[in-house]
Structure formats: structure tokens, C-alpha cells
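Colleague: I have a model open and would like to learn how to read it. Could you walk me through it, one feature at a time?

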Amino acid sequence: MSAVTASRWERFRDSYLWYSFRRDKVAIVSLVVFVAMVAAAFLAPVLAPTDPYDLAQIDIMNSELPPAGLAGSDPAFPLGTDAQGRDLMSTILYGTRVSLLIGFGAVVLQSLLGILFGLLAGYLGGRVDAILMRIADVQLSFSTLMVAIIVGAIFKASFGNLMFGEIAIYLLILIIGIAEWPQIARTVRASVLAEKKKEYVDAAKVMGFGTPRIMFRHILPNTLSPIFVIATVQIANAIISEAALSFLGLGMPETQPSLGSLIKSGFDYIQSGSWWITLIPGLVLVVLVLVINLLGDWLRDVLNPRLYKG
Amino acid sequence: MALLDVKDLDVRFAVRGGDLQALRKISFSLDKGERLGLVGESGAGKSVAAFSILNLIAKPGYIAGGQILFEGQDLAAMSDKQLRKIRGNRIAMIFQDPMMTLNPVLTIGTQMVEALKAHRRISTRDARAIALKKLQMVQIPSPDKRLDQYPHELSGGMRQRVIIAIALLLDPEIIIADEPTTALDVTIQAEIMALLLELCEQENVALMLITHDLGVVSQVTQRMLVMYSGRIIEQGPTREIINDPQHPYTQGLINALPQMGEPGARLYQIPGSMPSLSRVPSGCPFNPRCPFATDQCRTSMPNYVHSGNVDVACYEVAKLIEQEQSLQEEDR
């Protein structure tokens, strides 16, 4: 009996996506590193030697211990400690988790907004298009970071520091999500403009389908590949935005460190020789963003037929 | 009463500096189970006519006047919601390019089930059963497999069969086929045309066939319309028009066909080309290319005259008919 209706796994195994992935060493390494980092971050409560959120486990006497191998290091803290005596490995694991959460959350939010507005603008055209895209243009003419700083500062001022600390993750997701939606909206709109001229859209209209159904069920799936590519890159961007905001003191509080606030907390001590508090989280951030961008590049090469390399 | 009765349909495109008239008050009707051919050059307004029937003219086009009576209801005056109940359900449409009309990211089964569910309260299981039945009707090999396949996994001919199956899915009264075989291989063309003809006869569906191919029209349709520059210049029973074309344009079209009896002979060409919508000449739109054009043709648009069962819009034909009648009277 021939397997006519191939299972999903078989389809995936035969697909161009898997084929090109297997032949691309950079993509494989990037994915392995990325998955390892995500796994480590989300298993932080299990993997981390100490809980940086638990003040009882912190001893100020352990502050600013260097990483293993340097004079004065403590074997209990392989990556050293920060100025408050927290184990740097634990804080990095927890911090990566926070950064990833904000990165993914913000991208989900900006994708929702971007897809919705992009579809509406592209498909309905006319006045809707003009209004939505002018809003996007206005927003793009400010730097993303500036929008985020203004919104963040307003929130921080109106909620107060303590309250802000509790809801900081959600606020950052909201801020970065709202600040970056025009990127995705423009991409979606451009592909919708190309798709809506195709005959299958006419055919769908002739079948008597309503506008929402045509937009979301027929056109949206055909615009997913550019959305995937840009969303991947946007995760990296969101993580960087979060780090930048935290570095400026508008992001995660030091009690719930993200990679950005870790870098910032170490920055004050870098002149006094404790370089590791800044450098190690910085390296983790760079590697994380790099592998996500490399994966995004690979995805773009695979999903964009015009870039096929013989 | 005819199933579909188009009266003085006037379709225009709003462009900078005024409207372009794409359909100049065309009128025709289509009976239940009848097969009507619509021929003309590219740009004559055939596809515009097809889309206007479903009131689906895309902006900047709009219906400026006239009626499209489907079972007595005017489609031109209907709300979008009412129209959606008719589109696909009562009047289906088949497009030119089977490569483009199926959504590339949805399986055949999904697309068929979706179409059924949009118009009927029906379970997915029942919808799949109907879809399978229709795929069997279009004689596609191993129809049960096709439901779970994507359009790119099928050949052009198979896709056009699927599209015909989708058109028949909701048992429509009318199928509008806009050059259904143009994008296919010549051998497949004949198969698909035969299939479409057979299914329309079997299901008693009215077919409006839009095509360049006079051969197909003469084989498949019972009546035909000849369009030129947005006007119907000749309409009547297909056999009469093909055997004895009245309008100089129709004569030119038929003379341009290669004849079996005279191999190697040079084909006739109608001099010039059809004017674009923005510069349609005054009077009869065909007058600059017409060998019989007179001053009258250049100034005013001819009305329809009856020649046998055929309606023709031509002064020359009208004159010939008058002469014939006066000769007959003299004989008496």
C-alpha cells in the first residue's frame, strides 16, 4: 500500500524547508544554540544553583566575586557574583528567561496588531489604508526606542517604582509591541497588495465568501512566509529593545533582572575591575540575538523564492 | 421568463477626465439549461460582462445603469449580503487559468468544504461526501486522494476539473465560464470542454461561455453574442450566425478562420485593431475598419434589425433587408 496521504512528519521530512536546513551548517548550529539557550532559560528554576529572587539566599559578603579561574573566585559561583552577592549564573539564566519572554510576548503582540492593520489596510485600501499607513508612518518617523522611552517613562511615573516592578514584564511587552507594529503591518500590507490581485481572490469572491473570510482565511495564509521571517528578526529586535530600555533604567527592575538590567547593574562597577558582571550577560545577549538573526536570515533565504541559490 | 435577463447594462470605469464606458447598454437573456456563447476580441468587454452579472466589477468600475434580472430579482440593486447568497450558490464562475484560481495554501478538500459550508448548514463529514461525489462527476482519477492534496500537486487539466467540480458543488443554475480552456493544452482543451458540456446537459445548468474560439462556440452553444467595443453587435442562434454571419465584423471573424478545403491559403485579416475604450469612434464603433462604412455609420449608432432569428446592429444589413423586402413586394 502506497502512502498516498503522507503524514505530517513525512511531508515535513520531504519538504524544501527540512532539506535546506540539513544542508546549512550555520542554521543547524544556530538552532542548536538557540534551543539550548531557550531550554536553559526556561529550566532556570531547576538548573540555577540559587534563586536570585529569594533575598534569603543572597549574602552581601559574596559580592563581586570573580568567575572561576581568576584569583579570589569561589567554586560555588562558577561565573562569579554581582554587586549584591547574587550568583551570576543564576541571574543570567533567570534574566535570559525574562528577556525571551518579553521578546516573544512583544512579537506576538506586534504580529497581532501588524497583521490585523496590515490586512485591513492592504485589502480594503482607500481611506482605511491611508489612515492606518499614515499612523504607521508617523510612528516610524520616531525612533522605536524613543516611543518606548516616552511610554515607559509615563507608565513608570504613573504607577510608581514598586508597582512598576510587579507589572514590568507585561508593560515592556506592551510598550515594545506597540512601538514596533508598523514594521509588520507594512510587510503584511505589501504582500496583501500583491496577493489580492491574484485570481484565487476573485474566485473566492465569486464563491460568495465574505470579506473577513477572504482576508483571514484566504489571503493571510499566503502572506505568512514574510511574516515568519520578519517576526523572527523582530524577536531579536525586541530583546535588544528590552535590553536597551533596561539599561536606561526604564525596563526590568534589578530585583527581577533581565539581561539588560544585569548589564546595567554591572556597568556601575566596570571601572572598579568587576568587568564580568557586565561582560558575561552581554555576551549571552549578543549570542542570543545573533543566533536568532542567523535563523531569520536562513528562513528568509528559504521562504523567498527569488533568492533561491541554484 | 428567462432565468437571467440582462437589460441595457451600462458599465463604466471612472478614470481621470471622465468615465469610460466598458459595456454600452447590452441586453441579452439566458434560459434555464441554455448554453450561450460570448465571443469577441480581447478588450471587447466579455469578462467585464461576466463580472458585472455577479455585480463584482472592481473599482474604479461600476454599474451605471440597466438591470440584471436573475429569476426576476435585480442583482444590480442587491445588497452585498444578498449577493453573497447568490454568488457561488446559484451562479458559479469558472476562470481562465486553473493554476491561479485555487488557493495555493489550502487543500482541495478544505476549499470545497469551505464553499459548501459558506452556503449550507452542513457537517464537515457530509460536505466532504458531497465534494467527493462532485470530484467523481468530473472524472478525476482517484478522487478520494485529491481531497487531501494541494493544488500544486495536480496537473493543469486536473485542476480545471477540480474547478469545474467546485463550480458544480452547490448545484448552481448558471455557470459562467470565462475562457475555461485557454490556459490548457490543446488535447486537454477538448476533454475539458466535452466534460463541461456533458455536465451542463446532465445537470440542466445554463452555461455562459466566454471565449475567443469560434470552433468551441459552434460546437457547444445554442445561441451566441458577438461583442465589439462594449456593444453586442450581433446575437442569435449559433448555427445561423456561424453559417450566415450578417455583421461585417462577424463575417470578418469567421473568414479569418483557417478552412479545411484550402490549405496554404492566406487567412483573411480584419484591417486595423479594436479601438481602446478611451477613443471609441462616434457612430458604429466598427466603422473605421468596416469595408461598407458610410457617412451614416460614422455619425450615429445603428439600432438592432432582425434578420431571420438574428439581431444585428448594422446599417448595411438593415439596407439589405429593406431591399429584399421591397423586391418581395414587387414580386407580389
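Colleague: Let's start with contacts in chain A. Of those between residues at least 6 apart in sequence, what share joins residues at least 24 apart?

Modeller: A good place to begin, and please keep in mind that this is a predicted model. The idea is to ask how far apart in sequence two touching residues are. In chain A, 69% of the contacts between residues at least 6 apart join residues at least 24 apart.

Colleague: And which elements is chain A built from?

Modeller: Here you read the secondary structure from one end to the other. Chain A has 13 helices and zero strands, so its pattern along the sequence is α-α-α-α-α-α-α-α-α-α-α-α-α. Its C-alpha atoms fill a box of roughly 75 × 55 × 30 Å along the principal axes. Of the 310 residues in chain A, 42% are buried.

Colleague: How do I read a helix pair? At what angle do H8(A) and H11(A) pack?

Modeller: Look at the angle between the axes and the distance separating them. Helix H8 (residues 161-195) and helix H11 (residues 224-247) of chain A pack at about 155 degrees, with axes 10 Å apart. Because angles over 145 degrees count as roughly antiparallel, H8(A) is roughly antiparallel to H11(A). Their crossing is right-handed.

Colleague: Which residues of H8(A) and H11(A) meet there?

Modeller: From H8(A), they include A:Leu172, A:Ile176, A:Ile184 and A:Val188. On the H11(A) side, A:Ile227, A:Ile230, A:Ala238 and A:Leu245 are among them. By class, this contact of H8(A) with H11(A) has nine nonpolar, six polar and two charged residues.

Colleague: Let's turn to the core. Which residues have the most contacts inside the largest nonpolar core?

Modeller: For a core, you follow buried nonpolar residues from one to the next. The largest one has 166 residues, and those with the most contacts inside it are B:Ala167, B:Leu169, B:Ile175 and B:Met208. Helix H5 (residues 88-124) of chain A gives the most to this core, with 16 residues. Take B:Ile175 as a case: leaving aside neighbours within four places in sequence, B:Ile175 is in contact with B:Ala92, B:Ile94, B:Ala167, B:Cys200, B:Val205 and B:Leu207.

Colleague: What about the backbone? Where is there a cis peptide bond?

Modeller: Omega is the angle to check. The cis bond joins B:Lys59 and B:Pro60, with omega about 5 degrees. B:Pro60 lies in the loop between helix H1 (46-53) and strand E4 (61-70) of chain B.

Colleague: And phi? Is B:Asp8 buried or exposed?

Modeller: For phi, look at the sign and then the setting. B:Asp8 has a positive phi of about 45 degrees although it is not a glycine. B:Asp8 is found in strand E1 (residues 4-15) of chain B and is exposed, with 12 other C-beta atoms within 10 Å. B:Glu179 also has a positive phi of about 45 degrees, and is not a glycine. B:Glu179 sits in the loop between strand E7 (174-178) and helix H8 (186-203) of chain B. With 19 other C-beta atoms within 10 Å, B:Glu179 is partly exposed.

Colleague: Last one: how many residues does each chain bring to the contact?

Modeller: Count each side, then see which elements supply it. Chain B brings 21 residues and chain A brings 16. H4(B) gives the largest share of the chain B side, three residues. By class, the chain B side has ten nonpolar, five polar and six charged residues.

How values were computed: Residues are numbered from 1 along each chain as its sequence is written. Chains are lettered from A and ligands numbered from 1 in the order in which they are written. This is a predicted model: local features need pLDDT of at least 70, side-chain atom pairs count only at pLDDT 80 or more; totals for chains, interfaces and linings use all residues. Helices (H or I, at least four residues) and strands (E, at least two) are DSSP runs, numbered from the N terminus. A residue is buried if 20 or more other C-beta atoms lie within 10 Å of its own, exposed if 12 or fewer, and partly exposed in between; C-beta atoms are placed from the backbone. Two residues are in contact if their C-beta atoms, placed from the backbone, lie within 7 Å. Axes are lines fitted to C-alpha atoms, for helices over the stretch in contact, and angles run from 0 to 180 degrees between N-to-C directions. Angles under 35 degrees count as roughly parallel, over 145 as roughly antiparallel, 65 to 115 as roughly perpendicular and the rest as oblique. A crossing is left-handed if the near helix is turned anticlockwise from the far one by less than a right angle, and right-handed if clockwise. Ala, Val, Leu, Ile, Met, Phe, Trp, Tyr, Cys and Pro count as nonpolar, Asp, Glu, Lys and Arg as charged, and the others, Gly among them, as polar. A nonpolar core is a set of buried Ala, Val, Leu, Ile, Met, Phe, Trp, Tyr and Cys residues joined through C-beta atoms within 7 Å.
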